[in-house]
Amino acid sequence: METCRRQSEGRDARLAWLRNELSRRSQMEIVEFQLRLDEATRQTFRWDLVAAAEQIFGGRCSDDDFDYFGLWMVGLGGKIFGRAVLDPDALADAPEVLALAGRGWRD
């Protein structure tokens with residue numbers, strides 16, 4: 001994920017880069033990637049992070065939005081993700097969060 005973050009800007013470009021990278025991997029490597037991604041996002045399934053997501057969005061955060069929020073947190077990189085899992089208030093320091101504050105995913 002760190003490499004993906006450094007390789008491209010924006011969600012669509014990152015997704016295209018990741019798809020391309022995974023397409024060159026073995027099935028076992030793809031499964032291992034998914035397992036690690038699932039493990040990381042499971043760490044975000046906490047009420048204090050739901051509250052953080054709602055604060056960032058300026059209100060309600062649906063279940064689907066929160067699922068995407070967890071994946072997005074992973075995409076912020078290990079350092080920011082790790083700090084945010086320990087203390088959701090740490091998200092306030094991330095430039096990506098400042099850009100999202102008060103906006104929804106679809107703005």
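Author: A residue is buried under 20% relative accessible area, exposed over 50% and partly exposed in between (1.4 Å probe, protein chains only). The model is predicted, so local features need pLDDT of at least 70 and side-chain atom pairs pLDDT 80 or more, while totals for chains, interfaces and linings use all residues. Residues are numbered from 1 along each chain as its sequence is written, and side-chain values use heavy atoms, without hydrogens and water.

Reader: Is D93 buried or exposed?

Author: The relative accessible area of D93 is 57%. The cut-off for the upper class is over 50%. D93 is therefore exposed.

Reader: With which residue does D93 meet in a salt bridge?

Author: A salt bridge is a side-chain nitrogen of Lys or Arg within 4 Å of a carboxyl oxygen of Asp or Glu. D93 has such a contact, N to O, at 3.5 Å. The partner of D93 is R83.

Reader: How many residues apart in sequence are the parts that the pair R83 and D93 ties together?

Author: Helices are DSSP runs (H or I, at least four residues), numbered from the N terminus. R83 belongs to helix 6 (residues 78-86), and D93 to the loop between helix 6 and helix 7 (95-100). The pair therefore ties together parts whose separation in sequence is 10 residues.

Reader: Which class of accessibility does R83 fall into?

Author: R83 has a relative accessible area of 35%. That value is not under 20% and not over 50%. R83 is therefore partly exposed.

Reader: How far apart in space are D38 and R83?

Author: D38 lies in helix 3 and is partly exposed, at 28% relative accessible area. In sequence, D38 and R83 are 45 residues apart. From C-alpha to C-alpha, the distance between D38 and R83 is 18 Å.

Reader: What is the N to O distance in the salt bridge of D48 and R46?

Author: Both residues are partly exposed: D48 has a relative accessible area of 34%, and R46 has 26%. Their side chains meet in a salt bridge, with an N to O distance of 2.7 Å.

Reader: Of E21 and R25, which counts as buried?

Author: The side chains of E21 and R25 meet in a salt bridge of 3.3 Å, N to O. R25 has a relative accessible area of 41%, so R25 is partly exposed. The 16% of the other partner puts that residue in the buried class, and its name is E21.

Reader: How many salt bridges does the count come to?

Author: The salt bridges include the pairs R83 and D93, D48 and R46, and E21 and R25. Salt bridges that share partners also join E21, R24, R25 and E29 into one network. The count comes to 5.

Reader: What is the accessible area of the nonpolar patch formed by M28, V31 and L35?

Author: Patches take residues with over 30% relative accessible area and no salt bridge, joining like charges within 9 Å and nonpolar side chains (Val, Leu, Ile, Met, Phe, Trp, Tyr) within 5 Å. V31 is partly exposed at 44%, and L35 is exposed at 53%. By the Shrake-Rupley method (1.4 Å probe; for residues, only the protein chains shown count as cover), the three together have about 300 Å².

Reader: Where does V31 lie, and how far in space is V31 from Q43?

Author: V31 lies in helix 3, as does L35. V31 and Q43 are 12 residues apart in sequence. Their C-alpha to C-alpha distance is 19 Å.

Notes: Helices (H or I, at least four residues) and strands (E, at least two) are DSSP runs, numbered from the N terminus.
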